[in-house]
Amino acid sequence: MKTGIIGAGRVGCSLGKYLRGKGMEFAGYYDTDFAAAKEAAEFTQTAFFETLSSLVETSEILFITTGDSFIVPVWEQVKKLSHKNQIICHCSGALSSDSFSGAEEAGVSCCSVHPMLPFSNKFSSYQQLEHAFFTVEGQDYAVNTITELLTSFGNEVCRIDAAAKPRYHAAASILSNQVIAVLDTGYRLLEECGFTREEAVSATAALVRSNMENVISQDCVSSLTGPIERGDTETVAKHLACFQENHDAETEALYRLLGQRLIALAERKNPDRDYTKMRELVVES
């Protein structure tokens, strides 16, 4: 099925390169930024279209890979140009297929399809798609077709409900973006100890990798270590005192919040251990 992409940013370039590499018949790109569309077409060795209508007419499957705020406006244009049995997808993690209002009347089948990975680079992130996990939701024909397509490439796919999209995207954001915020906090504290940022990242690389690998290969409870898990209230009290002495209320608040979650995990790991004193210390009165 000939495929077209509307939006020539990081997601559009990565997805196009991946699909092209899998041998899909690929029409090319349309973007209001003609230079970006041309660049994406050159990168994927496909074509760029000067009008939206020409790409829509040519494609049996359309991926809308614009920013979330543009998906509905783009759909409103596409809807007027679409043809029967066409499949139209957007790639937002936060928005559902409800964005495609009037799809049935237009005679098209729509879904959202989202790869669970960060697109950090326009010209190299496509390599990660080889092992990406995708979620899909929407109308049956679109969902089934896209699922069969992706699984034929070797990707794992899970169908979710439209109502679950906000919670799903929140989970992905915590596991991706917010983990970065936690790492940055740790690096900043090491900088305050005299490390350069480069030294802080290098010195803790094995620590960070080992933790992530343990969680992935085992689980969060089994991988848990540290003073909270050990019930070492003296050390935790020193951590909190350090933040207070340096008037670092933001880090103290983050430490306490994450600490409460660690206590819950520790209680599951060590059901015979009493964490009452630790909870009293960590939970600010």
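Which residue stands opposite F48 in β3? That was my starting point today, working on a predicted model. I found Y29 opposite F48.

**Strand β2**

I looked at where that pairing belongs. β2 and β3 pair in the parallel sense, over 2 bridges. β3 is just residues 47–48. Next I traced how the chain gets there: it leaves β2, passes through helix α2 (residues 34–44) and arrives at β3, a β-α-β crossover that is right-handed.

Then I checked the partner strand β1 (residues 3–6). I counted 4 bridges joining β1 to β2, and these two strands run parallel as well. For one specific contact I looked up I6, whose bridge partner in β2 is Y30. The connection here goes by way of helix α1 (residues 10–21), and β1, α1 and β2 make a right-handed β-α-β unit.

How covered is β2 itself, residues 26–30? I got 5 of its 5 residues buried, so to speak a strand that is mostly covered. My note to self on side chains: in a regular strand they alternate between the two faces of the sheet.

**A patch on the surface**

I moved on to the outside of the model. M212, V215 and I216 form a nonpolar patch there. Together they have about 290 Å² of accessible area. I placed V215 in helix α9, which spans residues 205–217.

Is V215 buried or exposed? Neither label fits: V215 counts as partly exposed because its relative accessibility is 30%, and that class lies between under 20% for buried and over 50% for exposed.

Methods. Residues numbered from 1 in each chain as written. Predicted model: local features only at pLDDT ≥ 70, side-chain atom pairs only at ≥ 80, totals over all residues. Heavy atoms only, no water. Buried < 20%, exposed > 50% of the residue type's maximum accessible area, 1.4 Å probe, protein only. Pairing = 2+ DSSP bridges. Right-handed = clockwise from strand over helix to strand, strands pointing away. Patch = residues over 30% accessible without salt bridge, like charges linked within 9 Å, V, L, I, M, F, W, Y side chains within 5 Å. Areas by Shrake-Rupley, 256 points an atom, 1.4 Å probe, with all protein chains shown as cover. Salt bridge = Lys/Arg side-chain N within 4 Å of Asp/Glu carboxyl O.
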